[in-house]
Amino acid sequence: MTHGAASPTAFMPRRLRVVVIGAGISGIQIAHDITSRMRNIDLKIYDKNEGPGGTWFENRYPGTSSWLTTFKHETTQEETIVEADVFVYAVGRLNNYKLPDFNGRGGFRGDICHTACWPKGLVVSGKRVAVLGNGSSGMQCVGALQYEAAELINFCRSQTWAGPGLFDENKRFTEEEKLEFANNPDLYHKYRTQLERQIASAFRVLWKNTPAHHEMRARVESYYDHKIQDPNLRRMLQPDFAPACRRWTIGDSYIEAMQQPHVHLVQDHVASLTENGVRTCSGEEYDCDLVVCATGFEPYASRFPVIGRDGISLNDCWGPQGDCESYMASMVAGFPNFFAFHPPHCPVNGSVIPGIERTSDYIIRILTRLQTDCLRSVSVKPEAQHQFVRWAQSRMAHMSWSDPCSSWYKNKEGRVVVPWPGTNHHYYAATEIVRWEDFDLRFEDPTQKYASFGNGVTEDGFAPEFIPWVLTPQGQQRGNFANRRGFESRQVLVDLPILYDR
Ligand SMILES: Cc1cc2nc3c(=O)[nH]c(=O)nc-3n(C[C@H](O)[C@H](O)[C@H](O)COP(=O)(O)OP(=O)(O)OC[C@H]3O[C@@H](n4cnc5c(N)ncnc54)[C@H](O)[C@@H]3O)c2cc1C
Ligand SMILES: NC(=O)c1ccc[n+]([C@@H]2O[C@H](COP(=O)([O-])OP(=O)(O)OC[C@H]3O[C@@H](n4cnc5c(N)ncnc54)[C@H](OP(=O)(O)O)[C@@H]3O)[C@@H](O)[C@H]2O)c1
């Protein structure tokens, strides 16, 4: 729309080049939000996998104001350098899997795999299988493999609760029921709402020394009494820490498996592999044909260097020696125009998807200002981040995660660094507003922060379709300037691989 000297220049969205690394749910969510809520964006999404999905693609067992990103093709070694205004780190927290560095691996005649990288066509039937680990993956594997394996040994270094289902209903929907939901949005909405309310009420058990927490413990103990016949096995399976200290895992199939004659629990660490199987720390040897490592992930050890202002590295912030600081589950001080999904202290309870949606929404609100307010960069003030982390840490002693259990929620010193210490509603409330006072804003023109006001004409020009102060006949406002939808956007999904792999 042009009107000579009064052609609109106010609050025009500048072209913003955004690079997202990761096309899991986080990458897909931000791509959806960017393409539906913003415009004039040059969006590029890179993933090392040949398709999107991240976790669900992989786990198939039973300081300036621009970012330079270098991608190196895994096979051709070809390097591509992409310059962007904004860098979104959506590489997943449970994506860098840990495969133990076994002594004697070369001599082992059987197969080894990790649950996050289950080989296609792997035959388990009739084999002697060792499963290492008793996190959610280990328990699910043991539960599933009991039917196929000739012999199954679960090696565990520490104990964990195999709990009852949190919900009474864990049903498989029929095609007719799915169709009914599709045809009746109110019915589906009602169902979803009551499900989410159940999840929300389950959060109560995470607060230690509360009646809900004690009730939960009593419930799990009685579940063990009811499900486990052998007192020795019950003693081996029952930890002395709070049930929700490690991530809650439904244990029905695991407990069933543990009581089968061909399934064994060995509470010892596998120190090395032998020609025919594994050897534990206590020196015992166990023959097996297949070693399944359900040994988890490195949540924050980045597989490629991310270098922020003054040469600061993300690995130094989050890695084993770092303080694991981040801000509002989405940003990191020292890294301008950098946004991250699942940094330390972000919502992990129940389903992680509401948290991903909210983080994406929060990022979009900041990007929109970056794009339309003549801002060159946005970065969190270190002091604001520090205070945020201090608050988060001050809550941890009250949470069940701080009990003395081994868990990936903790760093090497035993500090709980992964979860947001609150409900999903709490995270939504905390991120309802962007606390701009917590940010260092760098304007394109440092001497004129109102450059975005332009010539006094917004892009609605003089023939606006949208009149914000006139209500609809139903008494609703037609939205506002801040949430008007974007139009033009570009989305590219390419399968460029990672820079550095294990
Ligand atoms: C076995 C398992 C079961 C789970 N079950 C549940 C569940 O029931 N409910 C739930 O809410 N959550 C569950 N989770 C958590 C799950 O991780 C999240 O639900 C969600 O999938 C996270 O999405 P994401 O996009 O953040 O990360 P991811 O799904 O991990 O995606 C990250 C993407 O980044 C890509 N990537 C990583 N590094 C690079 C690189 N260097 N270069 C290019 N691309 C890169 C990866 O290829 C991947 O596609 C589960 C996790 C696991 C491991
Ligand atoms: N919703 C679902 O159905 C589902 C299913 C699977 C996973 N998940 C998600 O993924 C997360 C991770 O689960 P996960 O089970 O993969 O990992 P995890 O919870 O970190 O468990 C890893 C297990 O491997 C053991 N281990 C680690 N290194 C080992 C080594 N070198 N040798 C022997 N044992 C070793 C650990 O023992 P120690 O405890 O002694 O260190 C632990 O028992 C879950 O918490 C959950 O968020 C969800």
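This report describes the domains, a ligand shell, two strand arrangements and several loop residues of one predicted model.

**Domains and the ligand between them**

The protein chain falls into two domains: domain 1 covers 16–96 + 299–443, and domain 2 covers 111–293. Between the C-alpha centres of domain 1 and domain 2 the distance is 29 Å. Where the two meet, 18 residues of domain 1 are in contact with 22 residues of domain 2. The side of domain 1 that touches domain 2 consists, by class, of 6 nonpolar, 9 polar and 3 charged residues.

Ligand 2 is placed with respect to both domains. Because domain 1 and domain 2 each give residues to the shell around ligand 2, the ligand lies between them. That shell holds 21 residues, of which Gly133, Gly135, Ser137, Arg157 and Gly296 come nearest. Sorted by class, the shell around ligand 2 has 6 nonpolar, 12 polar and 3 charged residues. Helix 3, residues 136–145, supplies the largest share of this shell, with 4 residues.

**Helix 3**

Helix 3 also deserves a description of its own. Of its 10 residues, 8 are buried, and helix 3 is thus described as mostly covered. Among the buried residues of helix 3 are Ser137, Met139, Cys141, Val142 and Leu145. Ser137 is therefore both a buried residue of helix 3 and one of the residues that come nearest to ligand 2, where a residue counts as buried if 20 or more other C-beta atoms lie within 10 Å of its own. The buried residues of helix 3 pack against four elements: strand 7 (128–132), strand 8 (151–155), helix 8 (252–258) and strand 13.

**An open sheet of three strands**

Strands of a sheet pair through backbone hydrogen bonds, in either a parallel or an antiparallel manner. In this model, an open sheet of 3 strands has the order 10-11-12, and its pairing is antiparallel. Strand 10 (270–273) and strand 12 (285–287) stand at the edges with a single partner strand each, so one side of each has no neighbour in the sheet. On average, neighbouring strands of this sheet are turned by 30° against each other, direction ignored.

The pairings can be followed strand by strand. Strand 10 is joined to strand 11 by 3 bridges, and the two run antiparallel. Within this pairing, Ser272 stands opposite Arg279 of strand 11. A hairpin leads from strand 10 to strand 11 through 3 residues. Strand 11, residues 277–280, pairs in turn with strand 12 in the antiparallel sense, again over 3 bridges. Here Gly277 has Asp287 of strand 12 as its bridge partner.

**The hairpin of strand 3 and strand 4**

Strand 3 (residues 67–72) and strand 4 form an antiparallel pair over 6 bridges. Lys72 has Glu79 of strand 4 as its bridge partner. In the hairpin of these strands, 6 residues lie between strand 3 and strand 4, and Gln77 takes a positive phi near 65°. Is strand 4 covered or in the open? The number of buried residues among the 6 of strand 4 (residues 79–84) is 0, so strand 4 lies largely in the open.

**Loop residues**

Two residues, Ala329 and Asn337, lie in the loop between helix 9 and strand 14 (338–340). Ala329 is not a glycine, yet its phi is positive, at about 55°. Asn337, likewise not a glycine, has a positive phi of about 55°. A further residue, Ile307, lies in the loop between strand 13 (290–293) and helix 9 (314–318). The table sets out the surroundings of these three residues.

| Residue | C-beta neighbours within 10 Å | Class |
|---|---|---|
| Ala329 | 26 C-beta atoms | buried |
| Asn337 | 27 C-beta atoms | buried |
| Ile307 | 16 C-beta atoms | partly exposed |

Why does Ala329 count as buried? Ala329 has 26 C-beta neighbours inside 10 Å, and a residue is buried if 20 or more lie within that distance. Ile307, with 16 other C-beta atoms within 10 Å, is partly exposed. Ile307 and Gly319 are 12 residues apart in sequence, and 13 Å separates them in space from C-alpha to C-alpha.

Technical notes: Residues numbered from 1 in each chain as written. Chains lettered and ligands numbered in written order. Predicted model: local features only at pLDDT ≥ 70, side-chain atom pairs only at ≥ 80, totals over all residues. Pairing = 2+ DSSP bridges. Axes fitted to C-alpha atoms, helices over the stretch in contact; angles between N-to-C directions. Buried ≥ 20, exposed ≤ 12 C-beta atoms within 10 Å, placed from the backbone. Near = placed C-beta within 6 Å. Nonpolar A, V, L, I, M, F, W, Y, C, P; charged D, E, K, R; others polar. Domains from an automatic or database assignment. Contact = placed C-beta atoms within 7 Å.
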